[in-house]
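This report accompanies a protein structure and sets out selected features of the chain. The sequence and coordinates should be kept in view while reading.

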Amino acid sequence: ADFRFADNSKDYIINKWTWVDLSGMKAASKIRFSLTSSDNSWGYMNTPGYFCMDDLNGEKPFDYQPVTFASFENMNLGTQGYYNGSDQSGSFFNGNFRFWNNYNKEWGTWEGFAVSNKTDKTIPGWENQYSAITGKGVAGTPSYGVAYASPKATVTFKDTTLTGMYVTNSAYTYWSMKNGDSFSKKFGGDTGNDPDWFLLTIEGFDTSNLSTGKVYFDLADFAY
């Protein structure tokens with residue numbers, strides 16, 4: 001999202017699948033995702049730290065190349081429609097990628113990556129944390145990844161050259177930024193002039209855990 005424009009008509013919160021190019025991270029064997037926001041209190045981010053992803057290492061728009069990619073299809077999501085690591089395996093595999101997560105059995109909470117086929121894009125709040133704002137995956141497929149980057153989410157892989165991936169906001173985060181809630185402010189404020197932003201940072205690492213570069217993508221931006 002981006003609310004930094006002097007002309008408020010240019011402010012935006014991402015509500016569709018958008019391609020992010022990662023082809024510059026050729027030597028990476030791990031990528032780490034983190035989120036930052038203009039809305040913070042006491043050193044903590046108020047904006048819900050979620051985003052959704054699909055087709056990691058998939059097809060760049062209008063540029064088909066057959067590669068190994070993570071589409072999140074063909075995973076057992078049960079009747080609840082999501083997998084969040086509640087089996088405490090610590091990770092799951094899709095395509096050539098390992099998606100790490102951490103489930104706290106005592107509190108029933110998770111962080112890292114989940115997989116979902118939830119379709120509710122209209123209900124705000126934490127209870128709808130597993131839905132993408134699109135209500136479906138890229139090109140209408142049912143499943144997609146959900147990341148709770150608190151404070152980070154990590155994917156590891158080998159023998160793979162990255163191309164990119166599609167990202168969008170989760171429904172929870174989108175409506176929190178759009179309207180505000182009991183924890184987070186409405187982006188742009190009451191006047192629409194507050195310079196708010198919500199930034200996804202993707203950093204690659206090689207087998208020696210040295211950085212191979214960063215890619216930045218605004219999931220919301222009201223700050224120009």
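The paragraphs below treat strand pairing, nonpolar cores, the helix, the main pocket, individual residues and backbone geometry in turn. The model is a predicted one.

**Strand pairing**

Strand 16 takes part in two of the pairings described here. With strand 15 (residues 197-205), strand 16 runs antiparallel, and nine bridges join the two. Within this pairing, Trp197 has Asp221 of strand 16 as its bridge partner. The two strands form a hairpin with five residues between them, and the turn contains Asn209. Strand 16 also pairs with strand 2 (residues 12-13), again in the antiparallel sense, over two bridges. Here Ile13 is set opposite Ala220 of strand 16.

A further antiparallel pairing links strand 9 (residues 91-94) to strand 10 through four bridges. Ser91 is matched with Trp100 in strand 10. These strands also make a hairpin, with two residues between them, and Gly95 in this hairpin has a positive phi near 60°.

**Nonpolar cores**

In soluble globular proteins, nonpolar side chains tend to be buried together. The largest nonpolar core of this model comprises 42 residues, and the members that touch the most others are Phe33, Met53, Leu56, Phe99 and Ile202. Strand 16 contributes five residues to this core, the most of any element. A second core, separate from the largest, has 15 residues, including Tyr103, Trp110, Tyr144 and Tyr166.

The surroundings of Leu56 can be followed along the sequence. Apart from neighbours within four places, Leu56 is in contact with Leu22, Ile31, Phe69, Ala70, Phe97, Phe99, Val155, Gly164 and Met165.

**The helix and its cover**

Helix 1 spans residues 171-179. Ala171, Tyr172, Thr173, Tyr174, Ser176 and Met177 are buried in helix 1. The elements that cover these buried residues include strand 2, strand 7 (50-54), strand 15 and strand 16. After the helix comes Gly180, with a positive phi near 80°.

**The largest pocket**

The largest pocket has a volume of about 390 Å³. Its lining consists of 18 residues, and those nearest the centre of the pocket are Gly49, Tyr50, Tyr148, Ala149 and Ser150. By class, the lining holds 10 nonpolar, seven polar and one charged residues. Strand 10 (97-104) and strand 11 (109-116) each provide at least two lining residues. The largest share, three residues, comes from strand 11.

**Individual residues: exposure and place**

Is Thr154 buried or exposed? Thr154 is buried, because its relative accessible area of 15% falls under the 20% limit. This residue belongs to strand 13 (residues 153-157). Beyond four places in sequence, Thr154 touches Lys30, Ile31, Arg32, Arg98, Phe99, Trp100 and Phe113.

Thr191 lies in the loop between helix 1 and strand 15. At 56% relative accessible area, Thr191 exceeds the 50% limit and is therefore exposed. Thr191 and Leu219 are 28 residues apart in sequence, and their C-alpha atoms are 20 Å apart.

The following table sets these two residues beside two loop residues that are discussed again below.

| Residue | Relative accessible area | Class |
|---|---|---|
| Thr154 | 15% | buried |
| Thr191 | 56% | exposed |
| Asp159 | 79% | exposed |
| Asn209 | 44% | partly exposed |

**Backbone geometry**

Most residues other than glycine have a negative phi, and most peptide bonds are trans. Which residues are joined by a cis peptide bond? Ser150 and Pro151 are joined by a cis bond, with omega about 0°. Pro151 is located in the loop between strand 12 (144-148) and strand 13. Ser150 is also one of the residues nearest the centre of the largest pocket.

Asp159 is not a glycine, yet its phi is positive, near 55°. Asp159 is placed in the loop between strand 13 and strand 14 (164-168). With a relative accessible area of 79%, Asp159 is exposed.

Asn209, likewise not a glycine, has a positive phi of about 65°. The loop that holds Asn209 lies between strand 15 and strand 16. Asn209 is partly exposed because its relative accessibility of 44% lies between the limits of 20% and 50%.

Conventions
Residues are numbered from 1 along each chain as its sequence is written. This is a predicted model: local features need pLDDT of at least 70, side-chain atom pairs count only at pLDDT 80 or more; totals for chains, interfaces and linings use all residues. Side-chain values use heavy atoms; hydrogens and water are left out. Buried means under 20% relative accessible area, exposed over 50%, partly exposed in between (1.4 Å probe, protein chains only). Contact means heavy atoms within 4.5 Å. On a 1 Å grid over the protein atoms alone, a cavity is a set of points where a 1.4 Å probe fits but cannot get out, and a pocket is an open set with protein on both sides within 12 Å along at least five of seven lines; lining residues have an atom within 4 Å of a point. Grid points are joined across faces, edges and corners, and a volume is the space filled by probe spheres set on the points. Ala, Val, Leu, Ile, Met, Phe, Trp, Tyr, Cys and Pro count as nonpolar, Asp, Glu, Lys and Arg as charged, and the others, Gly among them, as polar. A nonpolar core is a set of buried Ala, Val, Leu, Ile, Met, Phe, Trp, Tyr and Cys residues joined through side-chain atoms within 4.5 Å. Two strands pair if DSSP finds at least two bridges between them.
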